[in-house]
Amino acid sequence: MIRHKLAVLAGLIMLLMVIEAQAFQFQDSTGKIHKLDDYKGRWVLVNFWATWCPPCLEEIPDLIALHNERKDIMVIGVVMDFSDPNEVMKFVKKMAISYPTVLGNRKIAAQLDEVSMLPSTYFYDPEGKPAARKLGLITRESIDKFIDSKALQNSGSAGGLAVTP
């Protein structure tokens, strides 16, 4: 009986985490509000990064390319662990980051999860459901493969080939 109650409680907590994660609202550096619901029909990639983080800097060009070249993906960058917002924005300009940049903090990050490592990337499918989370470096190739694999799963076949999860 206690085990059953604990299982139900754990299920409710997980459900609340999913609901909260789906309800994020970020204000970017230009003042624009970004909500997950605003991007229904598109993949949403939320990437937490820092200017001092080498793997973060390594993945930025891939994220820029995704944002500029794939209209089915919305990239939102959340910069963490900074002291001077003006320096961050100079860095964003220098790197030619074209996707929205949010000046983040623990409260903003907590809308998705307790971000414990940088970079951390959260992926939402076109229906707004959490699809994946990646701690550490992410590449354009891995993102493209992930989206393509999900498209194949949803279509039920891959040119006559069986699709396996």
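Biologist: How many helices and strands are in the protein?
Modeller: Keep in mind that this is a predicted model, where local features need pLDDT of at least 70 and side-chain atom pairs pLDDT 80 or more, while totals for chains, interfaces and linings use all residues. Numbering runs from 1 along each chain as its sequence is written, and side-chain values use heavy atoms, without hydrogens or water. Helices (H or I, at least four residues) and strands (E, at least two) are DSSP runs, numbered from the N terminus. Counted that way, the protein has five helices and seven strands.

Biologist: Which pattern does the protein follow along the sequence?
Modeller: Those five helices and seven strands can simply be read off in order. Doing that along the sequence gives α-β-β-β-α-β-α-β-α-β-β-α.

Biologist: What share of the residues counts as buried?
Modeller: The cut-offs come down to relative accessible area: buried is under 20%, exposed over 50%, and partly exposed in between, with a 1.4 Å probe and protein chains only. Of the 165 residues here, the buried share is 38%.

Biologist: Which residue does a disulfide join to cysteine 53?
Modeller: A disulfide is called when two cysteine sulfur atoms lie within 2.5 Å, and the structure holds one. Its S to S distance is 2.3 Å, and with 75° about the S-S bond the link is right-handed. The partner of cysteine 53 is cysteine 56.

Biologist: Are cysteine 53 and cysteine 56 buried or exposed?
Modeller: Cysteine 53 has a relative accessible area of 2%. Cysteine 56 comes out at 0%. So both ends of the link count as buried.

Biologist: How far apart are the end C-alpha atoms of helix α2?
Modeller: Helix α2 covers residues 54-69, which makes 16 residues. The expected span is 1.5 Å times one less than the number of residues, so α2 should span 22 Å. The model agrees with that, since the end C-alpha atoms are apart by 24 Å.

Biologist: Where in α2 does a kink lie?
Modeller: Bend is the angle between axes fitted to the seven residues ending at a position and the seven starting there. In α2 the kink is about 30° and comes shortly before proline 61. The buried residues of α2 include Leu63 and His67, and also the kink residue, isoleucine 60.

Biologist: Is isoleucine 73 buried or exposed?
Modeller: Isoleucine 73 sits in strand β4, residues 73-79. Its C-alpha is 8.8 Å from that of tyrosine 39, although 34 residues separate the two in sequence. Because its relative accessible area is 0%, isoleucine 73 is buried.

Biologist: What is the C-alpha to C-alpha distance between aspartate 28 and leucine 103?
Modeller: Aspartate 28 belongs to the loop between β1 (25-27) and β2 (33-35). At 9% relative accessible area, this acidic residue is buried. Along the sequence, aspartate 28 and leucine 103 are 75 residues apart, yet in space the gap is 6.9 Å.

Biologist: Which residue does a cis peptide bond join to leucine 118?
Modeller: Omega of that bond is about -5°. The partner lies in the loop between α4 (106-109) and β6 (120-124). It is proline 119.

Biologist: What is phi of aspartate 81?
Modeller: Aspartate 81 is in the loop between β4 and α3 (85-95), and at 53% relative accessibility it counts as exposed. Phi is positive even though the residue is not glycine. The value is near 55°.

Biologist: And what is phi of alanine 96?
Modeller: Alanine 96 lies in the loop between α3 and β5 (101-103). At 51% relative accessible area, alanine 96 is exposed. Phi is again positive in a residue that is not a glycine, at about 60°.

Biologist: Which helix gives the most to the lining of the second largest pocket?
Modeller: On a 1 Å grid over the protein atoms alone, a pocket is an open set of points where a 1.4 Å probe fits, with protein on both sides within 12 Å along at least five of seven lines; lining residues have an atom within 4 Å of a point. Among the lining residues here are Trp43, Asp125, Ala131 and Lys150. The top contributor gives five residues and spans 140-155. That is helix α5.

Biologist: How far apart are the C-alpha atoms of lysine 150 and alanine 131?
Modeller: Both residues line the second largest pocket. Lysine 150 is in helix α5 and, at 25% relative accessibility, counts as partly exposed. The two are 19 residues apart along the chain, and their C-alpha atoms are separated by 9.4 Å.
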